[in-house]
Structures are given as structure tokens and as C-alpha cells.
Amino acid sequence: SIEFQPNPLYEGLVNPEVFTSQAKERPSTYKGESDYVSMSAAAKQLRKAMVKRSSYIALSYVTTNDDITATVHELSETAMKHTGNPKEGDYLRFTYGGWDAWYSWDYYGGEYHVDVEYDLYYYTTAKQEEKMDDYVDDLLDDLDLYDNSDYQKIKGIYDYITETVRYDYDHLGDEDYYLQYTGYAALVNKTAVCQGYANLFYRLALELDVDARIIAGVQTSSNVGHAWNIVGLDKLYYNLDSTWDAGMSSYNFFLRSNANFADHTRDAEYEAASFYSDYPMSTEDYTPPVALEPVSGTCGDGLTWTLDLDGLLTISGTGSTGDSNYGWSDYSDRIKTVVVESGVTYVGHYAFDSCYNLTSVQLPDSVTKIGMDLFLRDSSLTSVRLPANLTSIPEYTFSYCYALKDVNIPDTITDIGSYAFQDCEALTQIALPKDLITLGAYAFKGCLSLEEITIPGGVVDIPMYAFKGCQGLTGLTISEGVKTIGKETFRGCSALTELTIPSTVTQ
């Protein structure tokens, strides 16, 4: 037999007689199950019994270890390993009082066939755990964190615990009152010691699918036993101590790195390299994301703009945006769609420059002019409808819009500026208007997917490098009326094997 084994986390803090006095008489006879199971299967049975707060369980298992006493201990330790289930793992490990056991064994087939009976002692009863389940369900429904980010879940749980639970000074040092160490006491009675705080956080975090552990250790300055949590965020773990932050107006121990988590020393098992391998700690404190809110403002001649939480930027009013002081520029990474409403006549220089997440734009026909660099570096932009009355596409308008596939060029366009479509690598087709007069240097440089182009006769001079690097260009028509072709206009157009030069061109 193995006499009472107290929970080592509370050895010296809890009176063993409180538990051993609860022991019930064992069955007079016990025979092992006809089918012996593996250690892992036996541990699963023991775990299930502990979750139910069963006071007695008999198990039969096989092992090759001849130290049967050690395997009985191993079985209980395996039963309380962290599984990710909120009612198992550390929730059990920090809320059982101890156990004792009787065992027998036979040896055959090269294995030890062990029959073991456990008496189990807990800090909470089955009825208390049923009540705990109801309280947990009600609390999580009230907090309504299910669809939130992991950070919001952690913060919501932590806020609740630090605002609601108070330290149980009344029972401090009372070795006969073991409920103080439980999440039950923290949630139901609203008072507990540090283990209760940590146990409640562990339970609630795992209920919301956020990984956490309870860490046992000491308060370094006083060498007094203490417990806190680590929690996972973006594949790294952070320290938090809801006990020490309880009732505080600001937090000093929330999502901290080890270096910035003062006065906490872990017990040896939590300092092991294998533990850090499983739970890698961040070297920096966690920086929470800025909470998003709709934003709005004015620009230009009294136009208004709004940016909603879905990334829709809407510009409204009558007149011009001007060429600077666009309030939405501070939120360029949030902009996904732009809608300029009818009445706006001019959208200025750099208005949507470097909106990396912008995918589509709607410009009304009331817009008769746009500024240069309008969509410069908008690498996610896929489609644009240009206004019907536009006459010019200024320089760098779509430069580095790598994903741009669909853009119309209205018949009213007479001028396409230098670098206007530079490196629009996804652009396959584009129709130049018949009345186009000016085509800027490097206008379509690096348009790797551009397949066909017809240059109207009104473009008297095709400038240098206009189609440099258009590797997919196979169809090229140069209309009569073109007089000059600039230096290395078609350099790097490797698929363009034949080039017919009109008679109007002066070589």
C-alpha cells in the first residue's frame, strides 16, 4: 500500500487529517479487470474519475517497470497532465488534496499486471463542481467574449477577476480551510488566495480556447509560495498575475515577459528547458492592438470623409479634395475600398498613395481631373473604373499596382503621363483611346502580362522605354500617323518577334 500522498503543491499548507478522516472503507475483495490496459489508458480512466470528483477508483494496467510504487505515482501524475480541457490538467492538479493507494501485481509475458485502488481527496465536491459549471456558463455568456480576439478574451477574463475577486485574508494560514485554493471560491464566493485566482483564470481561458498554464513558485523577496499564470498569444507565452493586479486602477503584472515580471521565481519543474520548449516565453511585454473605431473628417473645399470598421472609405460633397491634408492618410493600412460620391470634381495628388490593402475604387463621372501618384504603390488594387469625362491620367497614377487587372481608359483621355502604369504586372489587356495624343516615357514599363496594344495615330511620338520589359507582349499595332519611336521603346519584349513600322515613322 501507499499511505496518504498530499498534493505536493500544498504540502505544509493543508492539514492531511482533514482528508484522511474522510476515507471510506475499501471493498472487502477486489479483483483486477479481465482486460488490463496501458498506462495511458489507465491514466485517462483516473482523470475521468477525478473530474467527477470520485472518491474511489480501481484500475488494472500493464507496465514493464518493476518499480510498481513508482508507476502508481506516475499514473496519478499522468492523469493530471495539461490536456487543454478546462476541467482537467492544472484545474485538477491545483484542486486535489491527495491520495492513497493499495496495489497488487502479477508478472507474466514479460510485463507486470497491476491492480491498484485509489482513495482520492479533493478541495471541492461533485456538487460544488456542478455549481461551478453553472457559474462559468453564466459568466461567459455575460462577458460575451466568444467571437472576440484572443487578446480581448484574455483582457475580459482578467478584468473580471481583478475587479471582482478579493484576497481571502480571513483564512490565510488556516490549514483546515482548503477551499481558499480553488477557482470555485474565487468565482462563487468572490474570495480566494493566489491559487484560486490562477485556477479561475486557467479554467475561463481554456473555456474560451485560449491556452494557459498555472505556474507554481515563490514571491522572490519573501520566499513565500505563490501561483500565477502564463497565457498563449500569437505562438508565444506571457506572464500574468491577477492576484497582484486585483483592485488596481492599472496593471503591473499583465502580459509581461520574464524580464519584466518582478518578484516571481518559478519552481524547478517550470524552469526546465523542456517546459520552456513547450511554452516559449516572449522576450518582450505584449503590446495590445489599438482598438479600431470608425473615423471621419473634412478635406479640400469642405468635402467630408468616413472610414468604417470594414475598411470602406467614402468621400462626399461637392468640389475638390485639394492636394494635401487628407485625414484618412493616417489610416491607410485600414482602407480596403474607396467610394467617391457624385459631386466631387477633383481627387488630388497622392490621395490614395500606399493604401496597401485597397482592392477596389469607384470614381463618379463628376470627377473631371485626378492628381498624380493617385494610386501609387497600392499593391492589392485589382480594379478601377475611371470617370467618363476624365482627360488625363497623370504620371505615376497606377505605378506599382502589381495586382491591377481591370481598368478602363475613357475615350476622353488624351494624355497618359510618364510611368502611369509602371509595373502593373497583372494587367493583360488595355485599350488606348483613339484620340490619345501624349504617351509618357516608361508609361507601361514592366507590365509583364500585357498581351496586345494598339497605339493610335494621334500619338506622334512613342517615347523611350514606353513598353520596356513587357515580356508577354505578342500583339502590337502602330497606327499610321506615328512619326517617331523613342530609344529602346520595346526593350525586353522577348515575345514580340515581329515589329511592323508604319511608313510615317522617321527612322
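**View 1. Parallel pairing of strands β14, β16 and β18.** In this predicted model, strand β16 and strand β18 (residues 360–362) run parallel and are joined by 3 bridges. Two strands are said to pair if DSSP finds at least two bridges between them; strands (E, at least two residues) and helices (H or I, at least four) are DSSP runs, numbered from the N terminus. Val-339 faces Gln-362 in β18. Strand β16 (residues 337–340) also pairs with strand β14 (residues 312–316) in the parallel sense, over 4 bridges. There, Leu-312 is placed opposite Thr-337 of β16. Residue numbers start from 1 along each chain as its sequence is written, and side-chain values use heavy atoms, with hydrogens and water left out. Because the model is predicted, local features need pLDDT of at least 70 and side-chain atom pairs count only at pLDDT 80 or more, whereas totals for chains, interfaces and linings use all residues.

**View 2. An open antiparallel sheet and its helices.** The sheet consists of 5 strands in the order β10-β9-β8-β7-β11, with antiparallel pairing. Strands β10 (254–256) and β11 (264–266) stand at the edges with a single partner strand each, so one side of each has no neighbour in the sheet. On average, neighbouring strands of this sheet are turned by 45 degrees against each other, direction ignored; axes are lines fitted to C-alpha atoms, for helices over the stretch in contact, and angles run from 0 to 180 degrees between N-to-C directions. Helix α6 (residues 150–164) packs on the sheet and touches β8, β9 and β10, its direction making about 125 degrees with that of β10. Contact means heavy atoms within 4.5 Å. Helix α8 (residues 194–207) lies across β7 (212–219), β8 and β9, at about 15 degrees to β8.

**View 3. Surroundings of Thr-182.** Thr-182 belongs to the loop between β5 (166–167) and α7 (183–189). Its relative accessibility is 1%, so Thr-182 counts as buried (under 20% relative accessible area; exposed is over 50% and partly exposed in between, with a 1.4 Å probe and protein chains only). Leaving aside residues up to four places away in sequence, Thr-182 touches Thr-95, Tyr-123, Thr-124, Ala-192, Gly-196 and Asn-199.

**View 4. The buried side of helix α3.** In helix α3, the residues Ile-68, Thr-71, Val-72, Leu-75, Ser-76 and Ala-79 are buried. They cover an arc of only 140 degrees around the axis and therefore lie on the same side of α3; the arc is that of the directions from the helix axis to the C-beta atoms.
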